[in-house]
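Here is a short briefing to keep beside you at the bench. Have a look at the structure first, and then we can walk through it together.

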Amino acid sequence: MKKLDQTQTPLFDALMEYVNNNTIPFHVPGHKKGVGMAKKFLDFVGKNVLSMDVTVFQQVDSLHKPTGPIKYAQELAAEAFGADATFFSIHGTSGAIQAMILSVMGEEEKIIVPRNIHKSVTSGIILSGAIPVYMQPEIDKNIGVALNVTPETVERALREHPDAKAVLIINPTYYGVSTDIVKIAEIVHDYGAILMVDEAHGPHLKFNEKLPISAMEAGADICAQSTHKIIGSMTQSSMLHVKGDRIDINRVKQVMSLLQTTSPSYILLASLDVARMQMATEGRELLDKTIELAEYARKEINNIKGLYCFGEEIVGRDGAYDFDPTKVTITAKGLGISGHQLERILAERYYIQPELSDMYNVLCVFSIGDTKEKVDYLLRALREISDELYNENIEIAKPIDIPEIPEQVVSPRYAFGSSTVALPLRESVGQISAEFLMAYPPGIPVLCPGERITLEIIEYVDKMKEANLSIQGTEDPEVNYIKVVNDRQVLNVIA
């Protein structure tokens with residue numbers, strides 16, 4: 001089969017033809033190439049980007065029934081990323097993950113997932129009516145983060161649940177830790193199941209041999225990627241990649257059409273087109289520079305008193321088969337402060353905004369857009385913070401154990417759709433949750449709809465609040481109340 005010309009950008013070119021022809025827009029959006037846009041927004045953004053903010057017509061193609069430039073752009077992406085088919089998502093990887101699950105899973109069918117899943121996975125499970133079976137990832141208590149699941153954990157889950165239709169894993173985690181995905185793919189397929197991958201944080205893996213193997217290369221059947229992370233598309237733009245051996249590609253197409261807006265942003269779609277071209281033609285060189293910068297930062301951070309930044313030394317531990325060096329996790333507990341406190345100092349004093357903070361760490365994501373000048377400024381800030389706070393006699397905070405996975409009493413879908421009542425958090429112990437509880441970012445649930453609320457979970461939430469970490473998932477923004485199942489039929493059965 002003849003290889004496609006990866007230097008081409010068919011969708012972006014179609015939009016440029018529309019702009020360069022000075023086409024008169026008697027179509028939505030109403031700002032009409034920026035003419036009707038509020039002046040202060042127009043003055044900042046400029047007319048160029050607004051001139052390509054168009055709607056569906058033949059010249060620029062339709063996302064829901066592509067026959068022209070969008071179709072070709074997706075074919076180019078499929079070849080570049082090693083898929084049989086690729087679908088552009090303009091509602092982020094969260095939407096792509098929901099589509100991935102809905103394309104495969106049906107009501108009451110089992111899906112095996114790690115507990116450190118993003119909330120979009122649980123959302124997909126709720127929408128599909130599937131039954132989750134949870135695997136516990138390995139935990140590094142020194143830095144206080146979940147690593148990954150091992151192949152042995154996956155095989156144990158499949159052995160205990162041979163009727164599971166699919167397994168979903170994360171590759172890599174938010175913190176850059178990968179599992180042995182090649183071995184897991186073999187295990188999953190030996191059991192006749194489908195392997196799905198949340199590869200939100202790995203859209204760049206395919207394009208540099210110094211990085212962990214990508215899901216498509218490793219034998220996954222379907223994976224969702226955040227093209228806007230690390231590589232150069234715009235926020236909210238992602239891709240869903242599919243191999244057709246075990247997945248019905250037409251079913252995926254139908255589900256994506258079901259979930260996505262009929263008024264997609266062509267600006268976001270075009271950014272996916274050019275991001276793919278950039279990676280396919282320059283990815284290796286660009287990522288070489290990114291990796292070099294990240295490793296330079298890691299080495300320098302590890303020479304700053306009170307700070308630690310893990311790297312390749314983590315590889316070989318259970319749950320850490322490989323590591324993506326572009327994720328720079330700075331552990332601050334040696335300074336006697338939380339990750340959240342370090343984030344606030346960096347943001348408020350130095351105008352440096354990390355990706356996230358947790359109990360012990362801040363995560364800085366390095367990408368093809370970073371420069372040595374900016375990295376050196378980060379390092380200077382960290383040295384100043386260390387000079388101010390480091391004390392060799394400082395008492396280092398003890399790790400907070402993540403609660404055990406609670407009992408699943410009813411399906412997430414049933415709990416989410418049931419009659420509910422809001423209870424004070426402390427009075428909800430023993431009840432069935434109808435909501436999520438999660439520290440955000442990165443959105444990992446400690447409690448999901450359908451699970452029994454435990455005192456351990458409530459105490460964990462209290463500790464997160466004390467550390468000023470954001471707890472989300474409940475309708476109550478202060479997370480003082482939680483909705484619980486109030487369905488008498490269910491409660492009578494389980495009483």
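The notes below go through the domains, the interface and the enclosed space.

Please keep in mind that this is a predicted model. The protein chain is divided into two parts, with domain 1 covering 283-387 and domain 2 covering 410-490. A search of the whole structure also turns up one cavity of 30 Å³ or more.

**How the two domains sit together**
- If you go from the C-alpha centre of domain 1 to that of domain 2, you cover 32 Å.
- Seven residues of domain 1 are in contact with domain 2, where seven residues take part.
- Between them, domain 1 and domain 2 bury about 500 Å², and carbon and sulfur atoms give 76% of that area.
- On the domain 1 side, the residues to look up are His340, Leu356 and Met359: they lose the most area to domain 2 and together make up 75% of what that side buries.

**What the interface is made of**
- The side of domain 1 that touches domain 2 has two nonpolar, three polar and two charged residues.
- Zero salt bridges are found across the interface of domain 1 and domain 2.
- Counting residue pairs with both members at pLDDT 80 or more, polar contacts between domain 1 and domain 2 also come to zero.

**The cavity**
- The largest cavity holds about 30 Å³ of space.
- Its lining consists of Tyr18, Pro25, His27, Val28, Pro29, Lys32, Lys33, Leu50, Ser51 and Asp53.
- By class, the lining of the largest cavity divides into five nonpolar, two polar and three charged residues.

Key: Residues are numbered from 1 along each chain as its sequence is written. This is a predicted model: local features need pLDDT of at least 70, side-chain atom pairs count only at pLDDT 80 or more; totals for chains, interfaces and linings use all residues. Side-chain values use heavy atoms; hydrogens and water are left out. Domain bounds come from an automatic or database domain assignment. Contact means heavy atoms within 4.5 Å. Buried area is the accessible area (1.4 Å probe) that two parts lose on being put together, summed over both. A salt bridge is a side-chain nitrogen of Lys or Arg within 4 Å of a carboxyl oxygen of Asp or Glu. A polar contact is a pair of N or O atoms within 3.5 Å; within protein, one must be able to donate a hydrogen and the other to accept it, and residues adjacent in sequence count only if both atoms are side-chain atoms. Ala, Val, Leu, Ile, Met, Phe, Trp, Tyr, Cys and Pro count as nonpolar, Asp, Glu, Lys and Arg as charged, and the others, Gly among them, as polar. On a 1 Å grid over the protein atoms alone, a cavity is a set of points where a 1.4 Å probe fits but cannot get out, and a pocket is an open set with protein on both sides within 12 Å along at least five of seven lines; lining residues have an atom within 4 Å of a point. Grid points are joined across faces, edges and corners, and a volume is the space filled by probe spheres set on the points.
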